[in-house]
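User: I have a chain open here and would like to talk through how its helices pack. Can you take me through it?

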Amino acid sequence: YTDTDLLRDAAATGKKAGNKQVTVEIYQNVWNALVKWINSQFTIRKGACLSGFCLVSWRRVEKLNREVELRPVFVPSDAFVKAHNLTWRGLGPTPEEVVKAEDINYSKIAIRFSETLNKDTVFSCTRHILAQIGKILSTSAEVCIDFGVGSLHSRDRKLDFQFISEWARGIKVAGGCAGSTSGGSSAAPVGVAEGERGRQHDGSQSEAPEMHSQEPFKPRQQRGTNRIQT
């Protein structure tokens, strides 16, 4: 089950909801704009938060020599995982380790990352797309959905996110300024063990995305700790 299947089914859902004029092509444009937004955030070493679905960001890792590296993390929201009976394993970063993320802004995505979309279209299509992702994941189907910075994989409701090599290698931050809010020449890719690719995070869960909700993203934390379970 790929992006093509996702957008086709999301468009069908939109038509059933009364959006007769919204075509698969429009859903494709919305998805492209979302992917561009996520990529733009990664480029400046920030994260992207899709409320009710996931957080895609960077984790600060301090080395013994006091150098700081940024490693990519994908954290599904607790509600989404629970609502769709999904499995997301592993011990994730603490909230303090995660680089600041920007909440999804439909107006910004429409204006900056598309030429034809408006806020309402981005909002409604995004809601249908994320709802369809949850629906298909809950069926135990084999899924591979491209998010630009990496791909969301699932089989038998077991989630995994594999970052592309450009980001999976991580970023070395000169001067230890891992909290920097802008990209620049101070950041350079660093090597990472092959087994770490796409597994910088593990386990978290969330509900069927209600994109109109303004509740803050609440990643799952492991009991007895202050670590985000990714």
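Analyst: What follows goes from the chain as a whole to one pair of helices, and the model is a predicted one.

User: Fine, how many helices and strands does the chain have?

Analyst: The chain has six helices and nine strands, and buried residues make up 46% of its 230 residues. Among contacts between residues at least 6 apart in sequence, 67% join residues at least 24 apart.

User: Now α1 and α2: at what angle do they pack?

Analyst: Helix α1, residues 3-16, packs against helix α2, residues 24-43, at an angle of about 120°, and their axes are 9 Å apart. That angle is why α1 counts as oblique to α2, and the crossing of the two is right-handed.

User: Which residues make that contact?

Analyst: From α1 the contact takes Asp3, Leu7, Arg8, Ala10, Ala11 and Gly14, while α2 supplies Val24, Tyr27, Gln28 and Trp31. Sorted by class, the contact of α1 with α2 comprises six nonpolar, two polar and two charged residues.

User: Staying with α2, which of its residues are buried?

Analyst: The buried residues of α2 are Tyr27, Val30, Trp31, Ala33, Leu34, Val35, Trp37, Ile38, Gln41 and Phe42. Tyr27 and Trp31 are thus listed both as buried and in the contact with α1.

User: And how far does α2 reach from its first C-alpha to its last?

Analyst: With 20 residues, α2 reaches 28 Å between those two atoms, which is close to the 28 Å expected at 1.5 Å a residue.

User: What phi does arginine 45 take, just after α2?

Analyst: Arginine 45 takes a positive phi of about 60° there.

Terms used:
Residues numbered from 1 in each chain as written. Predicted model: local features only at pLDDT ≥ 70, side-chain atom pairs only at ≥ 80, totals over all residues. Heavy atoms only, no water. Axes fitted to C-alpha atoms, helices over the stretch in contact; angles between N-to-C directions. Helix = DSSP H or I, 4+ residues; strand = E, 2+ residues; numbered from the N terminus. Parallel < 35°, antiparallel > 145°, perpendicular 65-115°, else oblique. Left-handed = near helix turned anticlockwise from the far one by under 90°. Contact = heavy atoms within 4.5 Å. Nonpolar A, V, L, I, M, F, W, Y, C, P; charged D, E, K, R; others polar. Expected span 1.5 Å × (residues − 1). Buried < 20%, exposed > 50% of the residue type's maximum accessible area, 1.4 Å probe, protein only.
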